[in-house]
Amino acid sequence: MKTYLITGGAGFIGSNFIHYMFNKYKEEIFIINIDNLTYAGNLNNLKNIENLNNYKFIKGDICDAENLSKIFKTYDIEYVVNFAAESHVDRSIEDPSIFVKTNILGTQVLIEIAKKYWKMKNGFKEGKKYIQISTDEVYGSLGEDGYFTEKTLIDPHSPYSSSKASADLIVKAYYDTYRMPINITRCSNNYGPYQFPEKLIPLIINNCIKNRDIPIYGDGKNVRDWLYVEDHCAAIDLVINEGAVGEIYNIGGNNEKQNIEIVKYIIYALKHKGLDVEEALIRYVEDRKGHDRRYAIDSTKIREELRFNPSVNFNDGMLRTIEWYLNNKDWLGKIVNGDYMNYYKKFYGR
Ligand code: NAD
Ligand code: TYD
């Protein structure tokens, strides 16, 4: 039975990954989820698996070396998958400090503890691997043409993407210096169930449900390459099992959309479901500072080397996502309470 240490497993992608893994491997795996439950961490994302015998939740911080040491002492961990991060660009523009702490320092503390418990005199114990979940945002911004490959130079612009790029460099250094078994994945924008409604797609869905204005930054023509979260999880599982040690893998959806297209799509889909919502809710607001214009991933490497192909097309993924939020208004209701509204007013009220 393989033991996985998942960090940030109460967040959007981490919780989807835990569901994906239990659906696929059932009792064959043991998962430990360590998460310090920031505003983005939500144990309601994991309700239906929380009592499984082969699952354990530990409330803890990836910056806390002592606590991580205890976990490594107690369990024989095969894989560390590091999702834990501060993940929202707008928050990083307001206050970069926690991004530096969690994303950079936290990654270094975590990988150092893994090294300490996995390293032998000559090399590392068999079958161990550390996976760093990174982002295409480390590559910076594209013009109208071209794609990010794994060879594209990193050129991050926001405090968020800079902190993720720094973490990638630290992880790479553990491979270059100690030959520690690692992989880094760099994925494009994800969407799907359990995403915190500060990010574009769930924010729009929530605002439509509440009949609230829909804020679009700048001219609305910034482009993102959208991937359904389950496909990201499948790609990570492939990288864990088959990724060549030391390698970086880009993961993308081949689904480039302008933000305005996404907004209009959601309004159209919700109208079809009988919601009274109109494009008149759209408000063009002040642009994000340093707003990256376009992200687009070249996934040739993971497609050819690991035979990865996204299985959920954009229409199906969006309809599934919209349906999920409509069917889980309780989940949404518990989040969009006082703290969320304070955040919302602070960012969008001006
Ligand atoms: P999220 O913000 O939804 O979740 C982050 C989780 O990490 C939360 O549960 C939070 O409580 C936890 N966390 C934060 N600080 C922690 C700490 N110090 N110790 C332990 N836990 C901590 O983020 P997400 O969207 O699920 O992203 C997960 C990872 O994937 C991040 O590393 C992000 O950079 C990367 N990523 C995200 C996307 C995307 O579109 N969302 C795309 C590519 C890569
Ligand atoms: P976001 O979901 O924050 O992801 P990221 O910035 O990491 O790609 O934003 C996606 C795009 O949507 C980005 O170009 C910014 C834009 N956006 C808006 O126009 N309005 C909003 O209220 C938000 C949250 C994002």
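In this predicted model, the buried residues of helix 6 pack against a mixed set of neighbours: strand 7 (190–191), strand 8 (214–217), helix 8 (259–272), helix 10 (314–327), helix 11 (329–335) and helix 12 (338–348). Helix 6 spans residues 200–210, and because 8 of its 11 residues are buried, it is largely enclosed by the rest of the structure. If you would like to find them on screen, the buried residues are I201, P202, L203, I204, I205, N206, N207 and C208. Just after helix 6 comes N211, which has a positive phi, near 60°.

**The nonpolar cores**

I201 is a good place to begin looking at the packing. Leaving out residues up to four places away in sequence, I201 touches Y191, W226, I262, I266, M318 and T321. I201 also belongs to the largest nonpolar core, which has 39 residues; I201, I214 and I266 are the ones that touch the most other members. Helix 6, strand 8, helix 8, helix 10, helix 11 and helix 12 are the elements that give two or more residues to this core. The biggest contribution, 7 residues, is from helix 8. There is also a second, separate core of 34 residues, and I62, I71, V80 and A296 are included in it.

**The way into helix 6**

Q195 sits in the loop between strand 7 and helix 6. Is Q195 buried or exposed? Its relative accessibility is 7%, below the 20% cut-off, so Q195 counts as buried. Beyond residues up to four places away in sequence, Q195 touches F12, N190, P202, Y325 and W331. One of these, P202, is among the buried residues of helix 6.

**Ligand 2**

Helix 6 turns up again around ligand 2: helix 6 and strand 8 are the elements that give two or more residues to the shell around this ligand. Strand 8 gives the most, with 3 residues. There are 18 residues around ligand 2, and E137, R224, R288, H291 and Y348 come nearest. By class, the shell has 8 nonpolar, 5 polar and 5 charged residues.

Some of the polar contacts involve side chains and one involves the backbone. A backbone N or O atom of P215 is 3.0 Å from a nitrogen atom of ligand 2. The side chain of N259 places an N or O atom 2.9 Å from an oxygen atom of the ligand, and a polar side-chain atom of Y348 is 2.7 Å from an oxygen atom of ligand 2. On its own, ligand 2 has 510 Å² of accessible area, and the protein covers 97% of it.

H291, one of the residues that come nearest to ligand 2, is found in the loop between strand 13 (282–285) and helix 9. With a relative accessibility of 15%, H291 counts as buried. Its side chain makes a polar contact with the side chain of D287, at 2.6 Å. H291 also touches Y217, N222, R224 and N259, not counting residues up to four places away in sequence.

**Ligand 1**

Which residues come nearest to ligand 1? Of the 28 residues around this ligand, they are I13, D35, S87, Y160 and K164. The table lists polar contacts between ligand 1 and protein side chains.

| Side chain | Atom of ligand 1 | Distance |
|---|---|---|
| D35 | oxygen | 2.5 Å |
| T102 | nitrogen | 3.4 Å |
| K164 | oxygen | 2.6 Å |

Taken alone, ligand 1 exposes 840 Å², and the protein buries 97% of that. Helix 1 (12–25), strand 5 (129–135) and helix 5 (159–178) are the elements that give two or more residues to its shell. The largest share, 3 residues, comes from strand 5. Sorted by class, the shell around ligand 1 has 12 nonpolar, 13 polar and 3 charged residues.

**The loop before helix 10**

Finally, have a look at N313, which lies in the loop between helix 9 (300–306) and helix 10. N313 has 42% relative accessibility, so it counts as partly exposed. The side chain of N313 reaches two backbone nitrogens: that of N315 at 3.1 Å and that of D316 at 2.8 Å. N313 is 60 residues from G253 in sequence, yet their C-alpha atoms are 8.5 Å apart in space.

Note on methods: Residues are numbered from 1 along each chain as its sequence is written. Chains are lettered from A and ligands numbered from 1 in the order in which they are written. This is a predicted model: local features need pLDDT of at least 70, side-chain atom pairs count only at pLDDT 80 or more; totals for chains, interfaces and linings use all residues. Side-chain values use heavy atoms; hydrogens and water are left out. Buried means under 20% relative accessible area, exposed over 50%, partly exposed in between (1.4 Å probe, protein chains only). Helices (H or I, at least four residues) and strands (E, at least two) are DSSP runs, numbered from the N terminus. Contact means heavy atoms within 4.5 Å. A residue is near a molecule or strand if one of its heavy atoms lies within 4 Å of it. A polar contact is a pair of N or O atoms within 3.5 Å; within protein, one must be able to donate a hydrogen and the other to accept it, and residues adjacent in sequence count only if both atoms are side-chain atoms. Accessible areas come from the Shrake-Rupley method with a 1.4 Å probe; for residues, only the protein chains shown count as cover. Ala, Val, Leu, Ile, Met, Phe, Trp, Tyr, Cys and Pro count as nonpolar, Asp, Glu, Lys and Arg as charged, and the others, Gly among them, as polar. A nonpolar core is a set of buried Ala, Val, Leu, Ile, Met, Phe, Trp, Tyr and Cys residues joined through side-chain atoms within 4.5 Å.
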